[in-house]
Amino acid sequence: MPASLGFHTHDHRSCIAEGLAAAERACRAQGLQFTPQRRRVLEILLQRHRAMGAYEILDILREDGIAAQPPVAYRALDFLTTHGFAHRIERLNAFIACSHPGAAHSPAFLICRHCDSVAETLADPARGRLGRAADAAGFTIECAVVEAEGTCPNCRGSAG
């Protein structure tokens with residue numbers, strides 16, 4: 001299982017390029033329009049590597065000189081989440097770029113309750129306790145979002 005990215009410092013240039021390239025390839029293959037606004041919103045999420053609210057993204061679009069109203073950001077975010085290029089973090093009412101673009105996966109999010117940093121990792125809820133409970137009920141899991149709250153290594157280290 002790949003390591004989480006959210007709690008570790010690294011050079012974002014390659015993950016930004018890979019994330020944008022994966023989205024471009026997927027859009028081309030599926031006949032989807034990867035508009036300049038959608039591309040820029042994904043790029044913002046990839047650059048920040050953290051969960052961001054729609055209005056925070058909207059402010060950056062405006063700083064870029066894009067005359068953006070809230071529906072522009074929300075439509076772009078809806079497109080990105082629908083096609084798996086980004087995820088919505090329910091607990092934070094925010095969005096984060098997918099750390100595993102192009103891979104069919106069930107993400108799990110590790111959210112620091114101190115600094116709100118988020119790491120995406122992979123989960124397979126259908127194989128664990130939830131999957132066994134669903135099987136017992138005759139239920140087929142199609143989608144599950146796992147959000148775990150705790151303390152990240154950075155905050156745990158600074159508390160000592």
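Start at Asp116, in the loop between strand S3 (106-112) and strand S4 (118-123). This is a predicted model. Check the backbone here: phi of Asp116 is near 65°, a positive value in a residue other than glycine. With 38% relative accessibility, Asp116 counts as partly exposed.

Next, select Asn93. It is found in the loop between S1 and S2. Asn93 also has a positive phi, about 50°, although it is not a glycine. Its relative accessible area is 48%, so Asn93 is partly exposed, given that exposed begins over 50%.

**The whole chain**

Zoom out and colour by secondary structure. The chain has 6 helices and 5 strands. From the N terminus, the order of elements is α-α-α-α-β-β-β-β-α-β-α. Now colour by burial. Of the 160 residues in the chain, 36% are buried. A contact map is worth a look too. Among contacts with a separation of 6 or more, 51% join residues 24 or more positions apart.

**The largest core**

Show nonpolar side chains. The largest nonpolar core holds 27 residues. Which of them touch the most other members? Select Leu42, Leu45, Ile57, Leu80 and Phe85. Then display the elements that feed this core. Helix H1 (12-30), helix H2 (36-48), helix H3 (54-63), helix H4 (70-82) and strand S2 (94-97) each supply at least two of its residues. Apart from this core lies another, of 8 residues. Ala94, Ile96, Phe109 and Val118 are among its members.

Go back to Ile57 and list its neighbours. Leaving out residues up to four places away in sequence, Ile57 touches Val41, Ile44, Leu45, Met52 and Leu77.

**Helix H3**

Stay on H3. Its buried residues include Ala54, Ile57, Leu58, Ile60 and Leu61. Look down the axis: the buried residues of H3 fall within an arc of 160°, so they line one face of the helix. An α-helix has 3.6 residues a turn, so residues three or four places apart point the same way. What does this buried set in H3 pack against? Show H2 and H4: the buried residues of H3 pack against both.

Now select Arg62, also in helix H3. Arg62 is partly exposed, at 40% relative accessible area. Setting aside neighbours within four places in sequence, Arg62 is in contact with Ala68, Gln69 and Pro70. Step past the end of the helix. Gly65 follows H3, and its phi is positive, near 90°.

**Helix H4**

Select H4 and check its length. H4 has 13 residues and spans 18 Å from its first C-alpha to its last. That is close to the 18 Å expected at 1.5 Å a residue. Show Ala73, Ala76, Leu77, Phe79 and Leu80, which are buried in H4. They cover an arc of only 160° around the axis, which puts them on the same side of H4. Rotate the view. Arg75 and Thr82 are exposed on the other side of H4. Just after H4, stop at Gly84, where phi is positive at about 80°.

**The aromatic cluster**

Display the rings. The count of aromatic pairs comes to 3. Begin with Phe34 and Phe85, a tilted pair with 6.4 Å centre to centre and 55° between the planes. This pair links distant parts of the chain. Phe34 is in the loop between H1 and H2, while Phe85 is in the loop between H4 and strand S1 (86-89), 51 residues apart.

Are these two rings buried or exposed? Phe34 has a relative accessible area of 18%, so it is buried, since the cut-off is under 20%. Phe85 is buried as well, at 6%.

Add Phe79. The ring centres of Phe79 and Phe85 lie 6.2 Å apart, with planes at 40°, so this pair is tilted. Phe79 is buried, as is Phe85. Phe34, Phe79 and Phe85 form one aromatic cluster.

**Last stop**

Keep Phe79 in view and select Arg38. The charged end of Arg38 sits over the Phe79 ring, 3.9 Å from its centre. Phe79 is thus a good place to end: it is buried in H4, it pairs with Phe85, and it has the charged end of Arg38 over its ring.

Technical notes
Residues numbered from 1 in each chain as written. Predicted model: local features only at pLDDT ≥ 70, side-chain atom pairs only at ≥ 80, totals over all residues. Heavy atoms only, no water. Core = buried A, V, L, I, M, F, W, Y, C linked by side-chain atoms within 4.5 Å. Buried < 20%, exposed > 50% of the residue type's maximum accessible area, 1.4 Å probe, protein only. Helix = DSSP H or I, 4+ residues; strand = E, 2+ residues; numbered from the N terminus. Contact = heavy atoms within 4.5 Å. Expected span 1.5 Å × (residues − 1). Arc of directions from axis to C-beta. Phe/Tyr/Trp six-rings, centres within 6.5 Å; stacked < 30°, edge-to-face > 60°. Lys NZ or Arg CZ within 6 Å of the ring centre and 35° of its normal.
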